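Here are some short exercises with worked solutions. Have the viewer ready and try each task before reading on.

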Amino acid sequence: LFKLVNTIKSDLLIKALQAIVIRHEILRSIILEDELGTYYQKIQDHPLDIIVQNYSNKIEFKKLIKEDI
């Protein structure tokens, strides 16, 4: 986790991160198991979902992070 300053253009950051994920299949890969117990790699076709959240204070931030984990 990292903190971004208020002057960051979140729409541009999201587009940049999505472009990286589109370019590199490994970042869209998941490992699945078939009915015989064999593992295989599947590359996701959908774009990276990024949620922007703003927090009013550090306590609220830590509380929401713990809930998310």
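**Exercise 1: I26 and its surroundings**

I26 is exposed, because its relative accessible area is 63% and exposed means over 50%, buried under 20% and partly exposed in between (1.4 Å probe, protein chains only). Before going on, keep in mind that this is a predicted model: local features need pLDDT of at least 70, side-chain atom pairs count only at pLDDT 80 or more, and totals for chains, interfaces and linings use all residues. Residues are numbered from 1 along each chain as its sequence is written, and side-chain values use heavy atoms, with hydrogens and water left out.

Task: say where I26 is found and which nonpolar patch it helps form.

Solution.
- Step 1: I26 is found in the loop between α1 (10-23) and β1 (29-33). Helices (H or I, at least four residues) and strands (E, at least two) are DSSP runs, numbered from the N terminus.
- Step 2: L17, I20, I26, L27 and L48 make up a nonpolar surface patch, together giving about 440 Å² of accessible area. Patches take residues with over 30% relative accessible area and no salt bridge, and nonpolar side chains (Val, Leu, Ile, Met, Phe, Trp, Tyr) are joined within 5 Å, like charges within 9 Å. A salt bridge is a side-chain nitrogen of Lys or Arg within 4 Å of a carboxyl oxygen of Asp or Glu. The areas are Shrake-Rupley values with a 1.4 Å probe; for residues, only the protein chains shown count as cover.

**Exercise 2: the hairpin**

Task: work out how β1 and β2 run and how many bridges join them.

Solution.
- Step 1: β1 and β2 (residues 39-43) run antiparallel, with five bridges joining them; strands pair if DSSP finds at least two bridges between them.
- Step 2: I31 has Q41 as its bridge partner in β2, and L32 stands opposite Y40.
- Step 3: the two strands form a hairpin with five residues between them, and G37 in the turn has a positive phi of about 90°.

**Exercise 3: two residues of β1**

Task: describe what S29 and L32 touch, leaving out residues up to four places away in sequence.

Solution.
- Step 1: S29, in strand β1, touches Q41, K42 and I43, where contact means heavy atoms within 4.5 Å. Its side chain also reaches the backbone oxygen of E25 at 2.8 Å.
- Step 2: L32 touches T38, Y39, Y40 and K42. L32 and K42 are 10 residues apart in sequence but 7.1 Å apart in space, C-alpha to C-alpha.
- Step 3: L32 counts as partly exposed because its relative accessibility is 29%.

**Exercise 4: helix α2**

Task: is α2 largely in the open or covered, and what caps its N-terminal end?

Solution.
- Step 1: α2 (residues 58-68) has 11 residues and the number buried is zero, so this helix lies largely in the open.
- Step 2: N57 is the cap, with a side-chain oxygen 3.1 Å from the backbone nitrogen of I59.
- Step 3: for the chain overall, buried residues make up 7% of the 69 residues.

Key. Polar contact = N/O pair within 3.5 Å; in protein donor to acceptor, adjacent residues only side chain to side chain.
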